[in-house]
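Let's take a walk through this protein together. Have a look at the model first, and then we'll go through it piece by piece.

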Amino acid sequence: MEKAWHSSKAFLERSAVLPLPLFLCLAAGQQAKAQTSMSDLTALQKSIAAQQAKLQEQEEDLARQVLQLQKQQQLLNSEMAKMRGMGTPAPAAQQVVQEGPVSTSTPEDAPAPTATAGAEQKQAKTQNQEDQTKIILQSSTVLSNTGGVLTPKGQLVIDPSVEYDYWTQNQLNLNGFTIIPGITFGNIFISRVDQRYIMPALTLRYGVTNRMEINLKVPFVLGWGSTTAQQAGASALPLTASANAADIGDIQFGASYQFNSGDNGWPIFVGNLTFKTATGQNPYEVPIYNAQNTSDQLLYGIPKKLPTGTGFYALEPSLTVFYATAPGVLFGNLQYIKNFSNTFTVPNTTGGPGSRVDLSPGQALAATFGLGFALNDKASMTLSYQEEHVFPASANGSQLAGSSYDFGTFNFGLGYNISKRTSLNIGVGIGVGPYAPAAKILVEVPIRMNLF
């Protein structure tokens, strides 16, 4: 019994001692877990703070990118306006900006860049409009002869050109009288005149200031033509006389001045003054057919050579007005031509000595209006119409009956910028009326260079 009691006591003692270490182990585990949780929480808080700082930095960077994107959008709009791509779909970058605002926290001074961007956009739009106006007006072959966009200060423009003119005219001449309609007594003959001219020329323009330029034009004239005359009747034979020309033409020089800058919606006014000399061979110096060298009176007075000049000095003031209105430019020109009288020895159709005559050609008034628009940043097109009225001429102080006339010309022009300094302009004119050239073609290749 005693042995059994001792065994039971030992068992109880062991049972009472064993739970204490186990409890200590459990307590230590719980404490370690708590310390681990606190460390993880601290690390998580640091990670969240770092992510917030990074997100704030990304938001600020995104705000800067939005401002930069707005500036790029303004440049894109300017380029698209130059290329006349107003009807094309906007690029992806443009759509991102225009479809909706980006929810970002921009800096407090964000309105300042926006105002600056608006001013830059306005300035870019104005500069773009000025560049388009220059491109359009420089491609107008009509304004190149009367005055348009001026050459910038210190810039020289060398403008070689070639013009082709074709003239044709049919005339019915009656030497007799008519008693009733349909019954005529006298001589009737028909004549046809065909003349072709090729006129290469060199024009120099120099910008004295940004509002004033001086210019000089030296032409050379090559011409050939024929006159065919025939009496009315089935048995009549035509008579043909040919003529040609190769000589310098009438040299011109002048100046242009821009009166205003065109601000506040005003059109731009440019004054021009050109003086035309009489360096070419005039119509009264060329030999003609007369009674001594032809056996048929139908050729009396027909020239054997073609003239290369008018024979009269002329002063030509004009005013050019142009107004830029997207997508084109409206322009007009009003010109007055003052011809000075001169005395010539007019040949005699009978072969005798000529007679001295004081001739005064009629003064002229011309008006031009048109529209030009840019196809893109390199090509442009102009359409215009020119009407000219010539007042009566006089000889020895007496007015010549029937010497007043009118004629008009429809003009179509194309311009292309080959490079930053060189362009190609082509103009086509169609005459209206018997006193205008039937057709003319002008090709110009202006080359710009900076001297200062």
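Which residue takes a positive phi in the hairpin of β16 and β17? That's G433, with a phi near 105°, in a hairpin that has six residues between the strands. We'll come back to that hairpin shortly.

Before going on, a word on what you're looking at. This is a predicted model, where local features need pLDDT of at least 70 and side-chain atom pairs count only at pLDDT 80 or more, while totals for chains, interfaces and linings use all residues. Residues are numbered from 1 along each chain as its sequence is written, and side-chain values use heavy atoms, with hydrogens and water left out.

Now the big picture. The protein has five helices and 18 strands (DSSP runs numbered from the N terminus: H or I of at least four residues for helices, E of at least two for strands). It has 452 residues, and 32% of them count as buried (buried is under 20% relative accessible area, exposed is over 50%, and partly exposed is in between, using a 1.4 Å probe and protein chains only). Take the contacts (heavy atoms within 4.5 Å) with a separation of 6 or more: residues 24 or more positions apart account for 64% of them. About 27000 Å² of the protein is exposed, and carbon and sulfur atoms supply 62% of that (areas come from the Shrake-Rupley method with a 1.4 Å probe, and for residues only the protein chains shown count as cover).

Back to the hairpin and its surroundings. Strands β16 and β17 pair in the antiparallel sense over six bridges (two strands pair if DSSP finds at least two bridges between them), and G427 stands opposite L442 in β17. On the other side of the story, β15 and β16 also run antiparallel, joined by 10 bridges, and they form a hairpin with five residues between them. Here F410 stands opposite I430 in β16.

F410 and I430 also turn up in a nonpolar surface patch of about 840 Å², along with others including L375, L414 and V443. (Patch residues have over 30% relative accessible area and no salt bridge; like charges are joined within 9 Å, and nonpolar side chains, meaning Val, Leu, Ile, Met, Phe, Trp and Tyr, within 5 Å. A salt bridge is a side-chain nitrogen of Lys or Arg within 4 Å of a carboxyl oxygen of Asp or Glu.) Strands β15, β16 and β17 each supply at least two residues of this patch, and β16 gives the most, with four.

Next, hop over to strand β3, residues 212-231, where you'll find M212. M212 counts as partly exposed because its relative accessibility is 31%. Leaving out residues up to four places away in sequence, M212 touches L150, Y206, G207, S256 and Y257. Its C-alpha atom is 7.7 Å from that of T151, although the two residues are 61 apart along the chain. T227 lies in β3 as well, but T227 is buried, because its relative accessible area is 13%. Its contacts beyond four places in sequence include R192, L239 and I302.

Finally, two loops. Most residues other than glycine have a negative phi. N264, in the loop between β5 and β6, has a positive phi near 60°, and it is exposed at 78% relative accessible area. N396 has a positive phi of about 55°; you'll find N396 between β13 and β14, exposed at 52% relative accessibility.
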